[in-house]
Amino acid sequence: LTYFASPQGRPATPFRAVENAKGRVVFENKQHDFPTRVLYWLGPDGALHARIEGTLQGQAASEEWAWSRQP
């Protein structure tokens, strides 16, 4: 399973699945500058979470988002 990320219309970057469990999937591309990992999971409340991880300027960095259903 491969996730192709192309934020803001940039050329697509492939991230291969390294973990695929119930309610969670993790993709990696260790050759990419940032991020090197992309994670998606379902929270116990049903919210969809996403996180990107990697290194920026020699420091560990990440960003995280969550989406929930609206009535």
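Here are some numbered notes to help you find your way around this predicted model.

1. **Overall make-up.** Let's start with the whole chain. It has 71 residues, and 28% of them are buried. There are 6 strands and 0 helices, so reading from the N terminus the elements simply run β-β-β-β-β-β. The C-alpha trace spans about 40 × 25 × 25 Å along its principal axes. About 5,400 Å² of the chain is exposed, with carbon and sulfur atoms supplying 51% of that area.

2. **The sheet.** How are the strands ordered? They form an open sheet of 6 strands in the order 1-2-3-4-5-6, and the pairing is antiparallel. Strand 1 (2-5) and strand 6 (59-67) are the edge strands, each pairing on one side only. From one strand to the next, the twist averages 25°. As for contacts in the chain with a separation of 6 or more, residues 24 or more positions apart account for 6% of them.

3. **Strands 1 and 2.** A good place to begin tracing the sheet is its N-terminal edge strand, strand 1. Strand 1 and strand 2 (residues 13-21) run antiparallel and are joined by 4 bridges. If you would like one pair to look for, Ala5 has Thr13 in strand 2 as its bridge partner. Ala5 will come up again, as it is also one of the residues of the largest nonpolar core.

4. **Strands 2 and 3.** The next pairing is antiparallel too, with 5 bridges between strand 2 and strand 3. Two partners are easy to pick out here: Glu19 stands opposite Val26 in strand 3, while Asn20 has Val25 as its bridge partner. The hairpin of these two strands has 2 residues between the strands, and in this hairpin Gly23 takes a positive phi near 75°.

5. **Strand 3 and its surroundings.** Why is strand 3 described as largely enclosed by the rest of the structure? The reason is that 4 of the 5 residues of strand 3 (residues 24-28) are buried. On its other pairing, strand 3 joins strand 4 (residues 37-42) through 5 bridges, and these two strands run antiparallel. Val25 stands opposite Tyr40 in strand 4. Val25 therefore has a named partner in strand 4 as well as Asn20 as a partner. 

6. **The nonpolar core.** Which residues make up the largest nonpolar core? There are 7 residues in all: Ala5, Phe15, Val25, Phe27, Phe34, Val38 and Ile52. Val38 is a helpful one to click on. Leaving out residues up to four places away in sequence, Val38 touches Tyr3, Phe15, Val25, Val26, Phe27, Arg51 and Ile52. Among these neighbours, Phe15, Val25, Phe27 and Ile52 belong to the core with Val38.

7. **Salt bridges.** Side chains of opposite charge can pair when their charged atoms come close. A search of the whole structure finds 6 salt bridges. One of them joins the side chains of Glu28 and Lys30, at 4.0 Å from N to O. Is each partner here buried or exposed? Glu28 counts as buried because its relative accessibility is 18%, under the 20% cut-off. Lys30 is exposed, as its relative accessible area of 62% lies over the 50% limit.

8. **Arg51 and its partners.** Arg51 deserves a moment of your time. Its side chain meets that of Glu53 in a salt bridge of 2.7 Å, N to O. Arg51 also forms a salt bridge with Glu64, where the closest N and O atoms are 3.0 Å apart. The Arg51 and Glu64 pair links distant parts of the chain, with Arg51 in strand 5 (residues 48-56) and Glu64 in strand 6, 13 residues apart. Arg51 counts as partly exposed at 25% relative accessibility, and Glu64 is partly exposed as well, with a relative accessible area of 44%.

9. **The charged network.** To tie the last two points together, Glu28, Lys30, Arg37, Arg51, Glu53 and Glu64 are linked in a network of salt bridges. Arg51 is also a contact of Val38, and Val38 is a member of the largest nonpolar core.

Conventions:
Residues are numbered from 1 along each chain as its sequence is written. This is a predicted model: local features need pLDDT of at least 70, side-chain atom pairs count only at pLDDT 80 or more; totals for chains, interfaces and linings use all residues. Side-chain values use heavy atoms; hydrogens and water are left out. A nonpolar core is a set of buried Ala, Val, Leu, Ile, Met, Phe, Trp, Tyr and Cys residues joined through side-chain atoms within 4.5 Å. Buried means under 20% relative accessible area, exposed over 50%, partly exposed in between (1.4 Å probe, protein chains only). Contact means heavy atoms within 4.5 Å. Two strands pair if DSSP finds at least two bridges between them. Axes are lines fitted to C-alpha atoms, for helices over the stretch in contact, and angles run from 0 to 180 degrees between N-to-C directions. Accessible areas come from the Shrake-Rupley method with a 1.4 Å probe; for residues, only the protein chains shown count as cover.
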